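Biologist: I am new to this structure and would be grateful for a close look at one exposed position in a loop. Could you then lead me from there, step by step, to the rest of the chain?

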Amino acid sequence: MNYYLVFQNKSYKEERNGGYLWAPQKNHAGQSVHHWSDVGKVRKGDIIFNSYKGKMNSIIIAKEDARKHDRPLDLDELDLWEKQGWLVEAEYIDLPNPVVYKNYMEEILRLQGNKYAPFNRIGRGNTGYLFRVTDELADMLFGVVEGYNNVRREEVLTTNSQKEVIAEINNEIESREFLNDTEKELFVKSRIGQSIFKKKLIKLEKKCKLCGVTDERFLIASHIKPWNKSNNYERLDVNNGLLLCPNHDALFDKGYVTFNDNGDILISSSIDEPTCILLNIHNQIKLKINKKQMEYMKWHRKVIFKS
């Protein structure tokens, strides 16, 4: 997922009413500029913070990948740009209390990065349309939004299609008689294995993170923080998942192995060395984990791991 900030002073009403973002491919001189060409890089699920007259009035979610599209008819009246362009179908989530960017400019400038940043050194918006936003700045902006609006980050990041998957699984859980939480988690795994969650994990790395098994029939989309302990966003967040073989999935789920912030494996002291050999676990195993995975893993170490 990528984050952006879009300046819509000239086109906010038209784009919001139409449910899209649009930018020309080239200017009148036939030149391509990054703040337009980046619109062509927007992918489904990307988050765009809006700016209109110095305020964040909406958070925008890309519903589909960007595609080539002529200038929408409702922008023709503005007659400001060339006809050929990029279009992103988008969902606008309006904020009851718009965020005034200048009130947080010092922190924004510190977090926004140097290249293709939305604001210049004196806190004014750079000339252009779409600008890249760092993960750190996105975290800060979401914090501000949550502080002044009843709009939670996980609800913004959970798309309608994901909500449908979650609701369907939860409804099936409620309609069945399970003896315990373990059976519920096994059912979730069987359903998640057919869903977008496993597909995303396979797209990242098509093998067990611990032993390298590549046969998809034996790969399980395992949650770091279990389904029944997660909110809707966390349930389908790819950062809350590990692709594991059945053997290592069982060890991780039951808390016999976990990982520290550096990705080094931690093995429960209750497992002796001969058993470790048979289970194919050893102290040299190391994962590459990002900051978001690190937060989930901290939870796993604290709550699940049997040190």
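**From one loop residue to the whole chain**

Modeller: Lys 53 is exposed, with a relative accessible area of 64%. The model under discussion is a predicted one. Lys 53 belongs to the loop that runs between β3 (47-51) and β4 (55-62). Its backbone deserves attention as well: although Lys 53 is not a glycine, its phi is positive, at about 55°.

Asn 280 offers a second example of this backbone feature. Its phi is also positive, at about 60°, and Asn 280 is not a glycine either. Asn 280 sits in the loop between α12 (273-279) and α13. With a relative accessibility of 39%, Asn 280 counts as partly exposed, whereas Lys 53 is exposed.

These loops may now be set in the context of the chain. The protein chain contains 13 helices and 11 strands. Of its 307 residues, 46% are buried. The surface that the chain exposes comes to about 16700 Å², and carbon and sulfur atoms supply 47% of that area. Among contacts with a separation of 6 or more, 68% are between residues 24 or more positions apart.

Salt bridges show how such separated parts can be linked. The count for this model is 14 salt bridges. One of them pairs Asp 94 with Arg 16, whose closest N and O atoms are 2.5 Å apart. Asp 94 lies in strand β6 (residues 84-100) and Arg 16 in helix α1 (residues 12-18), so this pair ties together parts that are 78 residues apart in sequence. Both partners are partly exposed: the relative accessible area is 33% for Asp 94 and 33% for Arg 16.

Another salt bridge is formed by the side chains of Lys 291 and Glu 136, at 3.7 Å from N to O. Here the partners come from two helices: Lys 291 is in α13 (residues 291-303) and Glu 136 is in α5 (residues 135-148), so the bridge ties together parts that are 155 residues apart in sequence. Lys 291 is exposed, with a relative accessible area of 62%, while Glu 136 is partly exposed at 38%.

A further case involves a loop. The side chains of Glu 216 and Lys 206 meet in a salt bridge of 3.2 Å, N to O. Glu 216 and Lys 206 both lie in the loop between α9 (196-204) and β8 (220-223), so the parts that this pair ties together are 10 residues apart in sequence. Glu 216 is partly exposed, with a relative accessible area of 36%, and Lys 206 is likewise partly exposed at 45%. Salt bridges can also share partners, and in this way Asp 38, Lys 41 and Arg 132 are joined into one network.

Arg 132 leads to another loop. Its C-alpha is 8.4 Å from that of Lys 115, and the two residues are 17 apart in sequence. Lys 115 lies in the loop between α4 (105-111) and β7 (130-133). Lys 115 is exposed, with a relative accessible area of 62%.

The loop that holds Glu 216 and Lys 206 ends at β8, and from there one may turn to a strand with covered faces. Strands β8 and β9 run antiparallel and are joined by 4 bridges. In this pairing, His 223 stands opposite Gly 241 of β9. In a regular strand the side chains alternate between the two faces of the sheet. Strand β9 (residues 241-244) is covered on both faces: Gly 241 and Leu 243 are buried on one side, and Leu 242 and Leu 244 are buried on the other.

The cysteines complete this picture. The structure holds 0 disulfides. For Cys 208, the closest cysteine sulfur is that of Cys 211, at 3.6 Å, which is too far for a bond, because a disulfide requires the sulfur atoms to be within 2.5 Å. Cys 208 counts as buried, at 2% relative accessibility. Cys 276 is buried too, with a relative accessible area of 9%. Set beside these two buried cysteines, Lys 53, with which this account began, is exposed at 64%.

Terms used. Residues are numbered from 1 along each chain as its sequence is written. This is a predicted model: local features need pLDDT of at least 70, side-chain atom pairs count only at pLDDT 80 or more; totals for chains, interfaces and linings use all residues. Side-chain values use heavy atoms; hydrogens and water are left out. Buried means under 20% relative accessible area, exposed over 50%, partly exposed in between (1.4 Å probe, protein chains only). A salt bridge is a side-chain nitrogen of Lys or Arg within 4 Å of a carboxyl oxygen of Asp or Glu. Two strands pair if DSSP finds at least two bridges between them. Contact means heavy atoms within 4.5 Å. Accessible areas come from the Shrake-Rupley method with a 1.4 Å probe; for residues, only the protein chains shown count as cover.
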